[in-house]
Amino acid sequence: MNKEKVIGYAKDLGIDIDSMAAERFEILENRLLRWNEHVNLTAITEEDEIAVKHFADSLTVFTAADFPRGAKVIDVGSGAGFPGLPMLIARPDIDITFLDSVGKKLAFIKDVLNLSGLMGQTLHARAEDIAHDAQYREEFDFAVSRAVAPLNILAEYAMPLVKPGGTFIAMKGADDESELGANAVRTLGGKIEQVVYLELPNKDPRNLVIIKKLSQTPPKYPRRTKKITSKPL
């Protein structure tokens, strides 16, 4: 791993990466490539692309909101741990839960946490199930997600997990989905506060949809997956 590049990308986002964090990014990259030989974690395997499309991309969430020390964050559909692992490496003081329905991906995240000495929780479940569990429903200050679902679908998975007054940050590509997701966000008790447009170091466009949770989500949401995807809000 080119540590100087990763440190530089972070600095451009206003994030200081110390030597310990740089070593942890190196552990993450090495384990990602090793695990990817037998578990399908990522199609991005070239060093510079990992630095940009996984590490820098994940760290952009810190440009969207101020994360207080000890903030409770849930990474919805975390997959191979993005954006959550880079977030935790940069800010070990935040409390991150990695949510995914695929056990092998969570096993990878646990491996990285153990080797890097970081604390984080993994949750093997579906968002539409745990969002009806009192232990998790409206318990998080922030939800973040880099999942590929359209915003009107993604919001129904993530927003019931965010407490009123909290924030959901949806990481999207080039397309602005704020209009598509506006009705769903409103129905679920939130408001689209801002869309942050930016470019990754390789000039790929990104936008971060920042959603403020204003009131409790009605108890019937989230619905079952089939309903969420066939009849989006």
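Here are a few notes on this predicted model, covering one helix, one helix pair and one loop residue.

1. Let's start with helix α5, residues 103–116. With 14 residues at 1.5 Å a residue, α5 should span 20 Å, and its end C-alpha atoms are indeed 20 Å apart, so the expected and computed lengths agree. Just beyond the helix comes Gly117, whose phi is positive, at about 75 degrees.

2. Which residues of α5 are buried? They are Leu106, Phe108, Ile109, Asp111, Val112, Leu113 and Ser116. As for their partners, these buried residues pack against two helices, α2 (19–35) and α4 (84–90), and against two strands, β2 (95–100) and β3 (121–124).

3. You may want to look at Asp111, which sits in α5. Its relative accessibility is 17%, and because buried means under 20%, Asp111 counts as buried. Setting aside residues up to four places away in sequence, Asp111 touches Arg31 and Trp35. With Arg31 there is also a polar contact, side chain to side chain, at 2.8 Å.

4. Next, the pair formed by α7 (residues 151–158) and α8 (residues 178–187). These helices pack at an angle of about 35 degrees, and their axes are 7 Å apart. The crossing is right-handed.

5. What does the contact of α7 with α8 consist of, by class? From α7 come Leu151, Asn152 and Ala155, while α8 brings Ser178, Leu180, Gly181, Ala184 and Val185. By class, that gives five nonpolar and three polar residues, with no charged ones.

6. Finally, have a look at Leu188, in the loop between α8 and β6 (190–199). Is Leu188 buried or exposed? Its relative accessible area is 0%, so Leu188 is buried. Ala158 is 30 residues away from Leu188 along the chain, and the C-alpha atoms of the two are separated by 9.8 Å.

7. The surroundings of Leu188 are worth listing too. Not counting neighbours within four places in sequence, Leu188 is in contact with Ala155, Glu156 and Met159, and also with Lys213, Ser215, Gln216, Thr217, Pro218, Tyr221 and Leu233. Ala155 links this point to the helix pair above: Ala155 is one of the α7 residues that meet α8, and Ala155 is also among the contacts of Leu188.

How values were computed. Residues numbered from 1 in each chain as written. Predicted model: local features only at pLDDT ≥ 70, side-chain atom pairs only at ≥ 80, totals over all residues. Heavy atoms only, no water. Helix = DSSP H or I, 4+ residues; strand = E, 2+ residues; numbered from the N terminus. Expected span 1.5 Å × (residues − 1). Buried < 20%, exposed > 50% of the residue type's maximum accessible area, 1.4 Å probe, protein only. Contact = heavy atoms within 4.5 Å. Polar contact = N/O pair within 3.5 Å; in protein donor to acceptor, adjacent residues only side chain to side chain. Axes fitted to C-alpha atoms, helices over the stretch in contact; angles between N-to-C directions. Left-handed = near helix turned anticlockwise from the far one by under 90°. Nonpolar A, V, L, I, M, F, W, Y, C, P; charged D, E, K, R; others polar.
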